[in-house]
Amino acid sequence: RAIDVGNYKRHAVTVRVIDQIPKTNNEKIKVELVSTSPATVEPQPNGEGLLYWHVDLAPGATKKIAFTYRVTRPKDWRLTQ
């Protein structure tokens, strides 16, 4: 997943970005944060699966925020949406 953040002001800004990885109450399903770029404020998502970034942007600058996660389920389960 990727998010592009841009500063279209004439002065530098700090942007707080919030996103979320999937959350489950089923103990047989595991959701694991694999990587973030740049690093998040906290090393792991909070109890709601929320991720937070503070991004400093110069005037006219843009930055890409990316993260990946892994969902693991029992092998014999069928996945539907």
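Trainee: In what order do the three strands of the open sheet stand?

Mentor: This is a predicted model. Its open sheet has antiparallel pairing. Strand E1 (2-6) and strand E3 (30-37) are the edge strands, each pairing on one side only. From one strand to the next, the twist averages 20 degrees. The order is E1-E5-E3.

Trainee: How many bridges join E3 to strand E5?

Mentor: Strand E5 covers residues 62-72 and runs antiparallel to E3. Two strands pair if DSSP finds at least two bridges between them. Here the number of bridges is seven.

Trainee: Which residue in E5 does Thr-36 stand opposite?

Mentor: Thr-36 falls in the E3 range, 30-37. E3 and E5 run antiparallel. The residue opposite Thr-36 is Phe-67.

Trainee: How far apart in space are Thr-40 and Phe-67, C-alpha to C-alpha?

Mentor: Thr-40 sits in the loop between E3 and strand E4 (50-57). In sequence, 27 residues separate Thr-40 from Phe-67. In space, C-alpha to C-alpha, the distance is 9.5 Å.

Trainee: Is Thr-40 buried or exposed?

Mentor: Buried means under 20% relative accessible area. Thr-40 has 13% relative accessibility, so this loop residue counts as buried.

Trainee: Which residues does Thr-40 touch, not counting those up to four places away in sequence?

Mentor: Look to strand E4, which spans 50-57. The residues touched by Thr-40, with that sequence limit, are Leu-51, Tyr-52 and Trp-53.

Trainee: Which residue's backbone oxygen lies 2.3 Å from a polar atom of the Thr-40 side chain?

Mentor: A polar contact needs N or O atoms within 3.5 Å. The Thr-40 side chain has a polar atom 2.3 Å from a backbone oxygen. That oxygen belongs to Glu-42.

Terms used
Residues are numbered from 1 along each chain as its sequence is written. This is a predicted model: local features need pLDDT of at least 70, side-chain atom pairs count only at pLDDT 80 or more; totals for chains, interfaces and linings use all residues. Side-chain values use heavy atoms; hydrogens and water are left out. Helices (H or I, at least four residues) and strands (E, at least two) are DSSP runs, numbered from the N terminus. Axes are lines fitted to C-alpha atoms, for helices over the stretch in contact, and angles run from 0 to 180 degrees between N-to-C directions. Buried means under 20% relative accessible area, exposed over 50%, partly exposed in between (1.4 Å probe, protein chains only). Contact means heavy atoms within 4.5 Å. A polar contact is a pair of N or O atoms within 3.5 Å; within protein, one must be able to donate a hydrogen and the other to accept it, and residues adjacent in sequence count only if both atoms are side-chain atoms.
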